[in-house]
Amino acid sequence: MICKNLTVDERGILLFAGQDTVSLLRTYGSPLYLMDEDLIRERCRTYREAMKEYFGQDALPLYASKAASFKEIYRIMKEEQMGIDVVSCGEIITAHEAGFPLEQAYFHSNNKTDADIAYAIEKGVGYFVVDNEDELYAIEDIAAKKNHSQKILLRLTPGIDTHTYEAVNTGKVDSKFGSAIETGQAEAITALALSLSHIDLRGFHCHVGSQVFDSDTFIRSSEIMMEFIGKIREKYGYTAKELDLGGGYGVRYLETDPELDIAANIAEVAKAVKSQAAALDLPMPAIRLEPGRSIVADSGMTLYTIGTIKKIPGYKNYISVDGGMSDNPRYALYGSEYTVVAPDRMKEECDFPCSLVGRCCESGDIIQENITLPASLKRGDPIAVLTTGAYNFSMASNYNRIPRLPIVMLKGGTHRLVVKRETIEDVMQNDL
Ligand SMILES: *Cc1c(COP(=O)(O)O)cnc(C)c1O
């Protein structure tokens, strides 16, 4: 199986974190997201321990909370002593209400409104990751009015092409994110930040993409960033204290995807950063990484119920479930791959070729194309889509006025609801 928290019992039932998925579906209703808290915590510890071991005690992983943002996840992050990255007031207030200490939050986004900036300063968000000069001036103005000095990192684009899918490729010079090193804009915004009296420049940030499996990408970007830090020190006498290398660590969606050894990868990157620091005679900056997907993706699963099975002789077969692009838009957006199984018949042969589609009124409402499932499946049977813990709940919509799914958290053999199922009344609540 693609993740160690997936097993099959003697009846052929799929177990997730050791628990019977079919009976969880019966208990909580369909469709449903499951999350494995033990695995989420284990991933946090892997990052934290490896970063401290290889980068030093002042290193810290930040959970990129856009991957899955709800109160319980921030409570877990607080307990695991993770930092977080947030990208909106909605994420900030969710973390705050969950009791997360916002001084450990890093506020991203390429377009923070004046209201966002004022709100984040008031709430005591520790760091802003500043994307561009317009934003830097706005933060300076708002911080000045509040007589506040705001810690920031500057988001730079090191000019790396990760060869991953274009829409999730963010480190290139022409990206909508950050200031490019190559064009001189990175240096210009650094000089500007150093000149502003309510801005406390702590260092630099980059994020080069998603679903990255090799350490080369992180090594190359860290080298470019360290060279930049060296150049800035030479020219401006300013030495960066922090270097944030972003997120993007890959996860397994399919059996054929490689398995990433996070600790080994961090060790390799640390070796490169340390030798670069020594070569440039720079003090080792406090390193930040921002894993999102690799903290929560394979800690999540979606369970559905089959509605209709349509066979078009000579063409193709469709299995429709009671969810779709409204709870998982990733196939529609990126053609993302997922593993789909029939959780109540894991020992049966999969010889029925089909596409798994949703209930939305849209031909692109596909969860996965060209898969095989057991031929015995019929209306009312359960379907499980694996590795849906990242960018599913957080990207869900009410398209077709379909209410969003609940999240059930599994921990040490127990289960509990952490996000309620939305009702149609909830969906209509702002309609006048
Ligand atoms: C999305 C994002 C991340 C997390 O990326 P993953 O692929 O989920 O690890 C980290 N940092 C920034 C700035 C991001 O935009």
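**Helices, ligand site and cysteines in the predicted model**

Within helix α3, which spans residues 71-79, the buried residues are Glu 72, Ile 73, Tyr 74, Ile 76 and Met 77. The model described here is a predicted one, and in it α3 is followed by Gln 81, a residue whose phi angle is positive, near 55 degrees.

A second helical element, α7, comprises residues 185-195 and includes Thr 190. The relative accessibility of Thr 190 is 0%, and this residue is therefore classed as buried, the cut-off being under 20%. When residues up to four places away in sequence are left aside, Thr 190 is in contact with Leu 154, Leu 201, Phe 204, Phe 228 and Ile 232.

The ligand is surrounded by 15 residues, of which Lys 66, Ser 210, Glu 290, Arg 293 and Tyr 391 come nearest. Classified by residue type, this shell consists of three nonpolar, seven polar and five charged residues. For three of the nearest residues, individual atom pairs with the ligand can be described. In the case of Glu 290, an N or O atom of the side chain is found 2.6 Å from a nitrogen atom of the ligand, whereas for Tyr 391 a side-chain N or O atom is placed 2.6 Å from a ligand oxygen atom. Arg 293, by contrast, takes part through its backbone, an N or O atom of which lies 2.7 Å from an oxygen atom of the ligand. Taken on its own, the ligand has 380 Å² of accessible area, and the protein covers 93% of this area.

With regard to covalent cross-links between cysteines, the structure contains zero disulfides. Cys 360 is accordingly in no disulfide, and the cysteine sulfur nearest to that of Cys 360 belongs to Cys 361, at a distance of 8.6 Å. Why is the sulfur of Cys 361 without a bond to the closest cysteine sulfur? The closest cysteine sulfur, in Cys 360, is 8.6 Å from that of Cys 361, which is too far for a bond, given that a disulfide requires a pair of cysteine sulfur atoms within 2.5 Å. These two cysteines also differ in their accessibility class, since Cys 360 has a relative accessibility of 8% and counts as buried, while Cys 361 has a relative accessible area of 65% and is exposed.

Key
Residues are numbered from 1 along each chain as its sequence is written. This is a predicted model: local features need pLDDT of at least 70, side-chain atom pairs count only at pLDDT 80 or more; totals for chains, interfaces and linings use all residues. Side-chain values use heavy atoms; hydrogens and water are left out. A residue is near a molecule or strand if one of its heavy atoms lies within 4 Å of it. A polar contact is a pair of N or O atoms within 3.5 Å; within protein, one must be able to donate a hydrogen and the other to accept it, and residues adjacent in sequence count only if both atoms are side-chain atoms. Accessible areas come from the Shrake-Rupley method with a 1.4 Å probe; for residues, only the protein chains shown count as cover. Ala, Val, Leu, Ile, Met, Phe, Trp, Tyr, Cys and Pro count as nonpolar, Asp, Glu, Lys and Arg as charged, and the others, Gly among them, as polar. Buried means under 20% relative accessible area, exposed over 50%, partly exposed in between (1.4 Å probe, protein chains only). Helices (H or I, at least four residues) and strands (E, at least two) are DSSP runs, numbered from the N terminus. Contact means heavy atoms within 4.5 Å.
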